[in-house]
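Biologist: Please take me through the main features of this model, with the reasoning behind each answer.

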Amino acid sequence: MQIRSSRLAGFGHAAPPRRVDNAEIEARLGLGAGWIERRTGIRSRHWAGDGETLSGLAAEAGRMALEDARIDSEKIALTLLATSTPDHLLPPSAPLLAHRLGLQRSGGIDLAGACSGFLYALTLADGFVRAHGRPVLVIAANILSRRINPAERASAVLFADAAGAIVLTPCSDPQRGLISANLASDGSGYDLIHIPAGGSNRPFSPDTPGEDYLMTMTDGREVFSRAVALMTRTSKQVLEQAGIRARDVDRFVPHQANARMFDAVCGNLDIDREKTVSTISTFGNSSAATIPLSLSIANEQKRISSGEKLLLTAAGAGLTGGAVLLCA
């Protein structure tokens, strides 16, 4: 078979058993009933419990995707793990993940792309499949509940724990797979969402306040406006590159950061809102994991069929972001 593209062959997702409803967070922060849902679209989210690990959560989603793809584990040549919360700072978690899944012939590496990590991993995976003609497993997973500052309202109401996975396999049809991609970064917004300490710039120290090791969002409104602009711009560019009109998109799968955010992007693109895949109400914002999780859940509800056009877009810390157009 002449390899000309890649194909979405399997989908998977996972979330910890513990569900945290808004009422629990609203009571702790002194917020009125319904405050979180009105501003974010979130009703509940899942948080990991004691003993649950990032690699374990990712493995659950990966196993589901492999079973859905009906592929021999020995055929997986590469495992890409998009995460901001690995099991340890060193070593990377992907080799352990591949081991847990029995992928004995797979390479494995972590990618730290924040909320857009899955898009970057997907783009790299597509290139690998085209170049080498071998399948790739892409998993995005985060346990953000352990990085939340419970006293900071902006982040405490949003973030969640979850994993999503897809399997990409070789395909001879050039009209399928990744049709166009546009990845972007804007370092002028580098500090808008960050963890101040713990890196080589400010290494671990007993004198550093504990909250400096937790995630902080310095300006939520600025994050919102920049993310909407980046997602809108890159989405328009991938549609133009592919010669496809927005109305011809079958499913719009945005990063589930905030319902108001992706509603704004949908409106800017003039895409029918009924085509938007939304999981934010029950799963919250799990950063890079939201898009593959949403793909997997949408596929369970109505199988993604051959020829469907999927527009994916994300923006997050860094700032990093982009858009990808796929033909299933």
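Biologist: In what order do the five strands of the open sheet lie?
Modeller: The model is a predicted one. Its open sheet of five strands shows mixed pairing. Strand E1 (5-14) and strand E5 (107-111) each have a single partner strand, so they stand at the edges and one side of each is left without a neighbour in the sheet. From one strand to the next, the twist averages 20 degrees. The order is E1-E7-E6-E4-E5.

Biologist: How many bridges join E1 to strand E7, and which residue in E7 stands opposite glycine 10?
Modeller: E1 and strand E7 (residues 161-171) run antiparallel, and the bridges joining them are nine. Opposite glycine 10, in E7, stands valine 167.

Biologist: Which helix packs on the sheet at about 130 degrees to E1?
Modeller: Two helices should be set side by side here. Helix H10 (residues 290-301) lies across E1, E6 and E7, but runs at about 90 degrees to E1. The helix with residues 54-69 touches E1, strand E4 (78-82), strand E6 (136-143) and E7, and its direction makes about 130 degrees with that of E1. The helix asked for is H3.

Biologist: Is proline 95 buried, partly exposed or exposed?
Modeller: Proline 95 is found in helix H4 (residues 94-100). Its C-alpha atom is separated by 8.6 Å from that of serine 106, 11 residues apart along the chain. Buried requires under 20% relative accessible area and exposed over 50%. Because its relative accessibility is 41%, proline 95 counts as partly exposed.

Terms used:
Residues numbered from 1 in each chain as written. Predicted model: local features only at pLDDT ≥ 70, side-chain atom pairs only at ≥ 80, totals over all residues. Heavy atoms only, no water. Helix = DSSP H or I, 4+ residues; strand = E, 2+ residues; numbered from the N terminus. Buried < 20%, exposed > 50% of the residue type's maximum accessible area, 1.4 Å probe, protein only. Pairing = 2+ DSSP bridges. Axes fitted to C-alpha atoms, helices over the stretch in contact; angles between N-to-C directions. Contact = heavy atoms within 4.5 Å.
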